[in-house]
Amino acid sequence: MQLTGNMFAQLAAELGHEISTLPDFPAEIRAPQGTLGGVSGFQVELGSDVYTPGDKADVIVAMNAAALKVCTLGSHFNHPQAHFDDEFALYHRHAIVIVDTDALTDKDLEKALYHTDNPFTELGIPESVQIVPVPLTSLTKEALKDSGMDNKAVLKCRNMFALGLIYWLFDEPMEKAIHLLEEKFKKKPALIAPNTKVIVDGYNYGQNLALNTTQIRLEELDAANKQPGRYTSIAGNKATAWGLIAAAQKAGKHLFLGSYPITPATDILHELAARKDMNVMAIQAEDEIAGVCTAIGAAFAGDLACTTTSGPGLSLKSEAIGLAVMAELPLVIVDVQRGGPSTGLPTKTEQTDLMQALYGRNGECPAVVIAASSSANCFDFAYMACKIALENMTPVILLTDTYLANGTGLWRVPTLEELPAIHPQSVPEELKGHFNPALRDERGVRYWAFPGMEGYEHRNIGLERDAEKGTISTNPENHEHMVLARKHKIEQIANSIPELKVIKSQISNHKSKMSETLLVGWGSTEGHLHAAANALGCDLAQFNYICPLPRNTREVLSQYKRIVVCELNTGQFATYLRAQFPELPIEQYNEIKGQPFAVERIVNHVKK
Amino acid sequence: MEASQFKSDQYVRFCPGCGDHAICMALQKAMAQIGIPTHQVAVISGIGCSSRMPHYLNTYGFNTIHGRGGAIATGVKTSHPEITVWQMSGDGDCLAIGGNHFIHEIRRNVDLNVCMFNNRIYGLTKGQYSPTSPKGFVSKSSPFGTVERPFVPAQLVLGAGGTFFARTLDVDMPTTVDCLVAAQQHKGCSIVECLVNCVIFNNGTHAWIADREQRAEHSIILKHGEKMIFGKDRDKGLAVEIDPVTFVPKIIVVPSDDPRVLTHDATQPDPTLHRLLGLMGQDRIVNVNAEVDNELPIALGVIRSVEADTYDQAVNRQITEVREKAKTKSFDELTATLDTFLL
């Protein structure tokens with residue numbers, strides 16, 4: 001299902017539509033098929049002005065009885081008496097629901113815990129919903145009857161029949177679709193012909209049998225609002241990996257990744273391990289700690305060094321990140337947040353690592369924290385994380401999350417030339433022969449010399465160092481001085497990051513209360529908050545730079561009478577803002593369901 | 001080069017009488033003898049008395065966090081194989097908190113020179129038992145004696161697939177320098193177990209061989225290609241005896257003129273004999289109260305030194321090979337391969 005969803009989204013993007021996707025799958029690799037817990041879904045919104053994967057679907061493809069139930073009842077699927085409910089259903093009252101009727105046998109219904117033999121009545125699906133029954137399984141078998149494939153292989157092609165049907169429903173050109181399929185199956189050429197046949201048959205089924213429904217025409221992307229250039233679809237994790245690659249090449253540094261597999265960050269490791277052509281050294285370490293420590297070793301030796309992980313891994317790396325703060329080495333730590341604490345919800349999304357990123361280390365241990373806010377801009381913020389780290393000799397924690405990492409969005413492909421310059425910290429020639437690791441430039445950033453450079457031999461430490469000599473020091477005044485020097489170094493970065501820009505409401509209603517209301521978010525909620533702000537007619541401030549905050553933060557926020565900070569946690573960013581701006585009227589709206597926001601719920605809350 | 005070139009301007013703060021002083025001097029001598037310039041050398045350490053070593057060596061140095069020196073050294077060497085990388089660690093840093101990194105640097109055969117200072121005690125935290133303290137050892141954290149079996153580092157290193165293992169003693173400067181030089185010359189993960197005395201918390205832990213009177217009888221210095229002969233009068237030799245029933249091989253002491261006396265081959269790929277040599281005399285450290293076979297000497301010198309592909313070389317070679325064949329080598333070439341549409 002994930003492959004089918006991705007192919008549909010990618011095709012739409014390549015045809016010039018905006019896309020936003022939300023894969024949602026169980027943590028188990030092969031969850032029992034046909035059961036409610038085993039339902040794997042893929043949600044996509046396409047067209048123009050797309051900010052989110054959407055609250056409620058216009059079209060549902062339910063491949064079996066369990067999927068039909070989960071889509072209809074939403075998070076209430078486990079309640080034995082639950083019926084279709086506008087609040088919980090994953091589709092709206094006028095949606096098209098395509099169902100594989102071959103997967104509604106008594107056995108299927110039993111596995112999905114139905115009590116009767118009529119799932120549609122039992123679920124209370126309103127009559128306004130347009131149900132399109134299609135015997136997907138038998139049609140696929142029919143399509144492949146001469147292929148010589150065994151039954152198991154044939155059944156695997158069932159998704160492609162549905163995809164063909166969807167292509168017809170959305171009126172997508174088949175040539176491009178087949179080209180995309182050929183690309184996807186490049187490494188398994190034997191599968192190209194049968195899958196092509198099934199897709200085409202699915203498409204023709206829609207066309208010839210004239211399904212009792214009308215085709216949907218997608219709105220073309222609004223080119224006037226977009227920067228000219230080449231566009232494609234990209235998943236957040238891949239965008240992150242490519243941002244790191246671009247930064248290394250721009251900075252003239254080797255890219256080193258030390259990482260350990262962890263959901264949902266592992267795809268970054270996969271991508272970078274595959275990019276040896278880009279001169280990337282990606283090490284799969286023996287554990288999370290070794291992941292960050294090998295990276296610290298590479299940074300000590302002069303590389304652009306990164307480690308990628310999720311919340312539990314960030315916990316394990318804390319002590320080593322403290323070392324990089326103390327030793328003042330550039331280091332990029334990518335935390336693809338997932339539901340926590342502990343093992344939590346490994347495949348679900350949350351913004352609950354913010355406090356950990358800001359404060360989760362021993363001692364006074366400031367590091368830069370930034371967050372990407374769309375799958376595509378994971379590229380930009382991975383790039384900026386590297387730029388800030390290399391120019392300021394500091395660890396930078398980049399926060400993304402499951403939603404951004406696995407989701408895809410429309411990405412404008414930049415050239416290396418148009419990306420901002422990166423000037424890694426270096427060391428002045430005149431310090432040769434009397435270098436030490438405490439020496440700083442006028443910004444308060446220490447100089448960077450590394451093994452191989454003659455005349456700059458020095459000893460770096462995780463112990464406190466003397467502010468002048470760079471050697472071990474336990475002097476009380478020196479320690480306080482150094483704590484403040486490290487703090488100042490992070491604060492001065494606010495001088496080189498962009499100022500906070502408010503996304504102004506398009507509805508100009510000066511009398512409305514909403515003109516005095518500001519929605520505030522950070523990271524991956526940008527799309528949902530943008531859509532909510534549009535619906536409400538209020539302004540939005542979405543933060544990507546969290547520590548340090550943009551210089552004009554107080555100035556911007558103090559212009560509003562009501563500030564609603566919306567986050568997928570219990571209020572971590574709201575707490576952070578209140579601590580810095582106690583005079584501001586900060587409210588909060590939070591959801592911690594392991595899912596992105598629903599725009600409608602934000603709107604309803606803010607209206608109240 | 002001169003040993004003084006490798007001496008930093010820092011006052012050496014090991015306790016007076018600590019065995020680490022001797023290893024520090026031996027390191028400076030060995031580095032001078034090897035002759036790699038100071039700026040091409042990086043010395044990485046974790047936490048502990050021995051991990052202070054980088055401060056006293058005029059090379060690049062990094063005194064990091066407890067147990068992680070191995071992982072950080074792996075990062076330095078793999079990203080920059082042209083740099084000579086040393087790791088300074090102790091029995092606690094290396095075998096307890098850093099155990100995972102230790103076995104994996106050995107398994108991967110990262111080209112590091114690892115000095116593992118074994119004083120069988122936690123000194124810097126003021127006297128707790130370590131993973132090499134004998135069973136029954138009384139310390140501040142084991143007032144009634146430890147109940148756990150210690151590691152024999154040689155066995156652990158060989159078990160992890162180690163390509164180089166040497167053992168040396170703080171009071172034997174020539175052997176220490178030889179072992180350190182050999183460790184650097186060996187391409188791969190070279191572990192040098194430095195038996196050092198902790199004069200404050202575990203004084204005399206290695207007295208059985210450190211004591212000048214007894215050393216010749218209780219230890220043997222193994223040299224590649226030379227007969228395994230020891231004793232004050234060099235009258236004893238080592239031979240292997242195989243039990244006719246169990247086929248278990250065992251090292252025995254025979255007169256030095258016995259034709260069965262073994263000739264040391266450190267380069268033998270099969271680790272069986274190296275393991276037996278490494279285990280000689282170790283039963284006395286496994287159990288403080290055990291009846292020990294005093295006859296077998298503790299082996300010093302290079303016990304094992306075999307050639308194998310190193311991790312750092314293999315990683316870099318793979319990148320080079322991929323890049324030679326690659327059609328895309330830069331970011332712009334990479335993005336040119338994407339399916340895109342124009343706006």
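This tour proceeds through a predicted model, stop by stop, from chain A to the contact with chain B and then into chain B.

**Stop 1: the first helix of chain A**

Select residues 2–14 of chain A, which form helix α1. The 13 residues of this helix reach 18 Å from the first C-alpha to the last, close to the 18 Å expected at 1.5 Å a residue. Colour the helix by burial next: A:Gly5, A:Met7, A:Phe8, A:Ala9, A:Gln10, A:Leu11, A:Ala12, A:Ala13 and A:Glu14 are buried. Then step past the helix to A:Gly16, which follows α1(A) and has a positive phi, near 95 degrees.

**Stop 2: the nonpolar core**

Select A:Ile296, A:Val332, A:Ile370, A:Ala385, A:Cys386 and A:Leu398. These are the residues with the most contacts inside the largest nonpolar core, a set of 272 residues. Add helix α15 of chain A, residues 378–392, which gives the most to this core, with eleven residues.

Centre the view on A:Leu398. Leaving aside residues up to four places away in sequence, A:Leu398 touches A:Val332, A:Val334, A:Ile370, A:Ala372, A:Phe381, A:Ala382 and A:Ala385. Another core, of eight residues, lies apart from the largest one. To locate this second core, select B:Cys49, B:Tyr122, B:Tyr129 and B:Phe137, which are among its members. As background, nonpolar side chains in soluble globular proteins tend to be buried together.

**Stop 3: where the chains meet**

Display both chains. In the contact between them, 49 residues of chain B meet 54 residues of chain A. On the chain B side, select β2 (60–63), α2 (69–79), α4 (99–108), α11 (311–325), α12 (331–336) and β12 (341–342); each supplies at least two residues of the side that touches chain A. Which element has the largest share of this side? Select α2(B), which provides eight residues. A colouring by residue class divides the chain B side into 20 nonpolar, 23 polar and six charged residues.

Now isolate strand β14 of chain A, residues 459–461, together with β2(B). The two strands pair in the parallel sense over three bridges. For one of the partnerships, select A:Asn460 and its bridge partner in β2(B), B:Phe62.

**Stop 4: the two domains of chain B**

Colour chain B by domain: domain 1 covers 3–223 + 266–312, and domain 2 covers 227–263. The centres of these domains, taken over C-alpha atoms, are separated by 27 Å. At their contact, eleven residues of domain 1 of chain B meet eight residues of domain 2 of chain B. On the domain 1 side, α8 (212–218), β7 (219–222) and α9 (272–279) of chain B each supply at least two residues. The largest share of that side, three residues, comes from β7(B). By class, the domain 1 side has seven nonpolar, two polar and two charged residues.

**Stop 5: a three-stranded sheet**

Select β8, β9 and β10 of chain B. They form an open sheet in the order β8-β9-β10, with antiparallel pairing. Why is one side of β8 (229–230) and of β10 (249–255) left without a neighbour in the sheet? Both strands stand at the edges with a single partner strand each, so one side of each has no neighbour.

Zoom in on β8(B) and strand β9(B), residues 236–242, which two bridges join in an antiparallel arrangement. Here B:Ile229 has B:Gly237 as its bridge partner in β9(B).

**Stop 6: strand β11 of chain B**

Select residues 298–305 of chain B. Strand β11(B) is mostly covered: eight of its eight residues are buried. Add strand β5(B), residues 164–169, which four bridges join to β11(B) in an antiparallel sense. In this pairing, B:Ala166 stands opposite B:Val302. Add β7(B) as well; four bridges join β7(B) to β11(B), and these two strands run parallel. B:Ile221 has B:Leu300 in β11(B) as its bridge partner.

**Stop 7: B:Val181**

Finish with helix α6 of chain B, residues 173–185, and pick out B:Val181 within it. B:Val181 counts as partly exposed because it has 18 C-beta neighbours inside 10 Å, whereas a buried residue has 20 or more within that distance. Its contacts, not counting residues up to four places away in sequence, are B:Ala30, B:Gln33 and B:Ile34. Lastly, draw a C-alpha to C-alpha distance from B:Val181 to B:Ala26: the two are 155 residues apart in sequence and 9.8 Å apart in space.

Note on methods. Residues numbered from 1 in each chain as written. Chains lettered and ligands numbered in written order. Predicted model: local features only at pLDDT ≥ 70, side-chain atom pairs only at ≥ 80, totals over all residues. Expected span 1.5 Å × (residues − 1). Buried ≥ 20, exposed ≤ 12 C-beta atoms within 10 Å, placed from the backbone. Contact = placed C-beta atoms within 7 Å. Nonpolar A, V, L, I, M, F, W, Y, C, P; charged D, E, K, R; others polar. Pairing = 2+ DSSP bridges. Core = buried A, V, L, I, M, F, W, Y, C linked by C-beta atoms within 7 Å. Domains from an automatic or database assignment.
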